[in-house]
Structures are given as structure tokens and as C-alpha cells.
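Me: I'd like to learn how to read a model like this one, feature by feature. Could you walk me through it?

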Amino acid sequence: MKLVILGGPGAGKGTQAQPLCHHLGISEISTSNILREAIACSTDLGREAQIYVEKGELVPDPLLIEFIRTRLVQPDAANGWLLEGYPRTAFQAEELDFLLDDLGQQLDWAIYLQVSESVMMSRSLGRCPLQGIASSGSRLDDQPEIIQRRINLFYERTIPMLEYYSYRQHLLTINADQSPQQVQQEILQKLNR
Ligand code: AMP
């Protein structure tokens, strides 16, 4: 099975991805892990991507799709995969489809973990409790206004991507305001597993 998992900050993508891949016997492919490894190993692509990742900027699309291409042809991806962190835009979704065409593969489902804005905010803030900020020093991207900006960006970029998948009847929308176990159950039910 070939899947992508989508959702805003705090939607639970990482939480759901691991048990889901385990259950389905497929490989979890996380864009940030691919980038982190390539940078650590100082591969050609890693060195190019490093400049952007260090500044917190999005890695340019043509570069990123090369990472995905390299990763999807690894032997462990042959049984299926779940992509996390990619695509983030409708353009990337289209690029992914072109790549899959080229590889003779097809996406089964885009799983969208839908949560309310207030849950996104409270879960993102919850990752770094206020007492933690006070004792260990605050990081800029944990501030409520920065989280709000990430949420706004998510809506701006993701809604067109949801339309892209929904038009192609590849979209599974999951109520992710529930507990992690309930979310997992709903995903498996909708995948008929
Ligand atoms: P994350 O941990 O998902 O926030 O990703 C860390 C960094 O990796 C981001 O700041 C970007 O530089 C890069 N990155 C991850 N996913 C993507 C993507 N889909 N498109 C462009 N850049 C990405």
C-alpha cells in the first residue's frame, strides 16, 4: 500500500505513522529524516539541501523530488510506503504523481488528519509546556504567534492540496480530534484493514 499522511501542526502525523506502518508492513518515509540523514552523510544532495534546512526555509521542489525518487527505489520501499512531510503543497502533490508515473507506481490514499484549529494550537503549545520554557529557555518557534503563523501557512498551502486529492478520489479524511487509539482505528477501518 502506498500512502501519504497529511495534517497541520499537532495533527498527530508522527504519532499515527509508526504504528500504521508497522500494522501494514510498509516503510515509513519521513522527509525530515531523509534530509537529516543526507546532511549527516554529506551526500551531494545533502550538501545542497543543508543551506535551506539550516535557515528554516523550504528545500526547493526540484531538489526535494530527487530525494524522494532516490528513497522510493530503495529495496525496503518495495512492499509499500507511507510518506510523511511530503507533499506539502498542491504543486508537490502533482510532482509526486509525475514521479510515481515514472516509477510505475500509484498512490493509494492521502490520509488527512483533520483537527480543529484550537486543538492544533493547544497540542503544539503542549509540546513545550510553559514551565519548560521558563526553565530551559524558550525557542522562537514554540511561541504562540509563531505556531499561529505555521497554522495559517498550513491552511494556505494544504487546502489546495486536499482539493487535488479529493478531485482524484484519493482523499481519506480522518477525525483526528480523538485519542491516538481512536484515530488509528478510524484509519484502519477506512482502509478496510
Ligand atoms: P520539518 O521537520 O518537517 O519541519 O522539516 C524540517 C525542514 O526540512 C524544513 O524546514 C525544510 O527545510 C525541509 N523540508 C521538510 N519537508 C519539506 C517539504 N515537503 N518541502 C520543502 N522542504 C521540506
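**Reading the model, piece by piece**

Reply: Let's start with one residue and its surroundings. If you set aside the neighbours within four places in sequence, Arg 88 is in contact with Leu 58, Arg 157, Thr 158 and Met 161. Keep in mind that this is a predicted model.

Me: Where does Arg 88 lie, and is Arg 88 buried, partly exposed or exposed?

Reply: Arg 88 is in the loop between β3 and α5. Its relative accessible area is 45%, so Arg 88 counts as partly exposed. For a sense of distance, take Val 53: that residue is 35 places from Arg 88 along the chain, and their C-alpha atoms are separated by 15 Å.

Me: What about Thr 89, is that residue buried or exposed?

Reply: The cut-off for buried is under 20% relative accessible area. Thr 89 has 17%, so Thr 89 is buried. Thr 89 also belongs to the loop between β3 and α5. Again leaving out neighbours within four places in sequence, Thr 89 touches Arg 157 and Met 161.

Me: Which residues does the cis peptide bond join?

Reply: Look at omega, which is about 0 degrees for the bond between Tyr 86 and Pro 87, a cis peptide bond. Pro 87 sits in the loop between β3 and α5, the latter being residues 90–103.

Me: Now the sheet. What is the order of the strands?

Reply: Read across the sheet, not along the chain. The order is β2-β3-β1-β4-β5, an open sheet of five strands with parallel pairing. The edges are β2 (27–30) and β5 (171–175); each has a single partner strand, so one side of each lacks a neighbour in the sheet. From one strand to the next, the twist averages 25 degrees.

Me: How many bridges join β1 to β3?

Reply: Four bridges link β1, residues 2–6, with β3, residues 81–84, and the two run parallel. To get the register, find residues that face each other: Leu 3 stands opposite Leu 82 in β3. As for what packs on the sheet, helix α8 (residues 144–167) does, touching β1, β4 (109–114) and β5, and its direction makes about 150 degrees with that of β1.

Me: And how many bridges join β4 to β5?

Reply: Five bridges there, and β4 and β5 run parallel. For the register at this end, Ala 110 stands opposite Leu 171 in β5.

Me: Which residues of β5 are on the covered face, and which on the uncovered one?

Reply: The general idea first: side chains in a regular strand alternate between the two faces of the sheet. In β5, Leu 172 and Ile 174 make up the covered face, while Leu 171, Thr 173 and Asn 175 make up the uncovered one.

Me: Back to α8. What does Gln 148 touch?

Reply: Gln 148 is a residue of helix α8. Not counting residues up to four places away in sequence, Gln 148 touches Glu 117 and Met 121. Gln 148 and Glu 117 are 31 residues apart in sequence, with 9.2 Å from C-alpha to C-alpha. At 26% relative accessibility, Gln 148 is classed as partly exposed.

Me: How many aromatic pairs are there?

Reply: Check the distance between ring centres, then the angle between the planes. The count is two aromatic pairs. Tyr 164 and Tyr 165 form an edge-to-face pair, at 5.4 Å centre to centre with 85 degrees between the planes. Both tyrosines, Tyr 164 and Tyr 165, are buried. There's a charge to look at too: the charged end of Arg 168 sits over the ring of Tyr 164, 3.7 Å from its centre.

Me: Where are the residues with positive phi, Gln 169 and Asn 192?

Reply: Before settling on a positive phi, see whether the residue is a glycine. Gln 169 isn't one, and its phi is near 55 degrees; Gln 169 lies in the loop between α8 and β5. With a relative accessible area of 65%, Gln 169 is exposed. Asn 192 is not a glycine either, and has a positive phi of about 60 degrees. Asn 192 is in the segment after α9 (180–190), and is exposed at 69% relative accessible area.

Me: What is the mean pLDDT of the protein?

Reply: The mean is 90, and 92% of the residues reach 70 or more. For residues 129–138, though, the pLDDT is below 50, and this stretch has four contacts in the model beyond near neighbours in sequence.

Methods. Residues numbered from 1 in each chain as written. Predicted model: local features only at pLDDT ≥ 70, side-chain atom pairs only at ≥ 80, totals over all residues. Heavy atoms only, no water. Pairing = 2+ DSSP bridges. Axes fitted to C-alpha atoms, helices over the stretch in contact; angles between N-to-C directions. Contact = heavy atoms within 4.5 Å. pLDDT = per-residue confidence, 0-100. Phe/Tyr/Trp six-rings, centres within 6.5 Å; stacked < 30°, edge-to-face > 60°. Buried < 20%, exposed > 50% of the residue type's maximum accessible area, 1.4 Å probe, protein only. Lys NZ or Arg CZ within 6 Å of the ring centre and 35° of its normal.
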